[in-house]
Amino acid sequence: MKKSFGLTTKIFISMIFGCIFGLFIKSIPDGYFKDTFLLNGLIKILGNGFLATIKMMVVPLVLVSLTCGASSIGNIKKLGRVGGKTFIFYLITTCIAITIAIGIAYVINPGTGLDMSHLVTQETIISEGKNFTDLLLGIIPLNPIESMVKGDMLQIIFFSILLGLSISLVGKKAEPVKKLFESSNEVIMKIVQMLMSIAPYGVFALIANTFATTGFNAMIPLLKYMSVILISLSLHGLIIYFGMFKIFTGLKIRPFLKRFIAPGSIVFSTASSNAALPVTLEAMEEAGVDNSIASFTIPLGSTINMDGTAIMQGAAAIFIAQIYNIELGLGSIITIIATATLASIGTAGVPGVGMVMLSMVLQSVGLPIEGIGLILGVDRILDMCRSTLNTMGDCICTIIISKSENAFNEEKYYSVDSNSLEDAKIAS
């Protein structure tokens, strides 16, 4: 029986062959075959065609997925304080996560030493003329349809979230509209899945083009980019998540880590928070969290808590700006933080959607999305790590909220660790 490779394996293989083929092209003397037929013909059609499909899906995906994500937050009205605390926790930690990633990126400078500015296919425009007040006011669309036509991402995000929340608040009367968006979301996701089937060919062409013009010079910046994300993920988990856990609960971390092994291993192997949802819920209930809390915060977290994804988007934006020799000002940095934070709401767990969302972040500040082809080949490894961080954040938020609502069984939490249980009894 013939073995079928998964999409991730195909992309990784195509990246390797793209590197080899690109170096082969680089060794060919300049002429019609190399410049016209290969680089500006076959390679350009495959690479730019793939990028065009990503651009095509940005506006409909953002509009539909964010509307669906925001409309599912209707439980906030029922649960009141719990919903508010949960939403604020997820939003603040996501904003912190991308800020950390951007800071680490500027320390390591992953894109320096590799100049790909000559590969930009269109003029890049970075708007820096607006102050912070104008930037905030500019998020509100005067005409949502015009914003969609122009691809103004912050305005589309604002309108989508407002639309979703309104559908949620209207309730039963808005059910037909909600079902329409949910059905549309399924269709959009299916289109994304179909288009991602050509991703291996697109990655092959983009990587081949990169190595045909830069050679091995692209490898060191790529490894530095990976280190930025892994360092940022580690710092966010160890300092922000564990710090908040200790400050707001006063609990020992070791029992939590033991409880997290089961859902964490599933998330890491599948790179999907949704795949581990049942195990995560069970782990939190075994950790002493009341079911009424866990059944709300965990599913909501798997929808809107994407700190790991935000870290990738922030690091990738700086990396791509550097390799294309584009300087980002404070206004652009603030836009990246705001766009990536808001984009985390409603991001679906479908292969390829993360890259579409990244292209949205890049477009919000006018960065070329051609750079996506360079990082797509290593994204699966990073996706496993950032998805694990996302689920860890869901669990930590759940315990913090449960503790604040007096819906937490501390003895049950420590029952997984006899030494910690004895320490807790002495402390009490």
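Helices are DSSP runs of H or I with at least four residues, and strands are runs of E with at least two, both numbered from the N terminus. In this predicted model, local features need pLDDT of at least 70 and side-chain atom pairs count only at pLDDT 80 or more, whereas totals for chains, interfaces and linings use all residues. Residues are numbered from 1 along each chain as its sequence is written, and side-chain values use heavy atoms, with hydrogens and water left out.

**Overall architecture**

The protein chain contains 20 helices and 0 strands. Of its 428 residues, 52% are buried; buried means under 20% relative accessible area, exposed over 50%, and partly exposed in between, with a 1.4 Å probe and protein chains only. Among contacts (heavy atoms within 4.5 Å) with a separation of 6 or more, 84% join residues 24 or more positions apart. The chain exposes about 19,200 Å², of which carbon and sulfur atoms supply 65%; accessible areas come from the Shrake-Rupley method with a 1.4 Å probe, and for residues only the protein chains shown count as cover.

**Helix 10 and the loop that follows**

Helix 10 has 31 residues and reaches 44 Å from its first C-alpha to its last, close to the 45 Å expected at 1.5 Å a residue; the expected span is 1.5 Å times one less than the number of residues. The helix bends by about 30° at H236, the bend being the angle between axes fitted to the seven residues ending there and the seven starting there. Just after helix 10, G250 adopts a positive phi of about 70°.

L251 lies in the loop between helix 10 (219–249) and helix 11 (253–270). L251 counts as buried because its relative accessibility is 1%. Leaving aside neighbours within four places in sequence, the contacts of L251 include I399, K403, F408, Y413 and Y414. The C-alpha atoms of L251 and I399 are separated by 9.8 Å, although the two residues are 148 apart along the chain.

**Positive phi outside glycine**

Two asparagines in loops take positive phi values, as tabulated here.

| Residue | Phi | Loop between | Relative accessibility |
|---|---|---|---|
| N109 | near 50° | helix 4 (81–108) and helix 5 (132–137) | 24%, partly exposed |
| N406 | about 55° | helix 18 (379–404) and helix 19 (410–414) | 74%, exposed |

**Surface of helix 1**

F12 lies in helix 1 (residues 7–27) and is partly exposed, with a relative accessible area of 43%. F12, I16, F17 and I20 form a nonpolar surface patch with about 410 Å² of accessible area together. Patches are made of residues with over 30% relative accessible area and no salt bridge, joining like charges within 9 Å and nonpolar side chains (Val, Leu, Ile, Met, Phe, Trp, Tyr) within 5 Å; a salt bridge is a side-chain nitrogen of Lys or Arg within 4 Å of a carboxyl oxygen of Asp or Glu.
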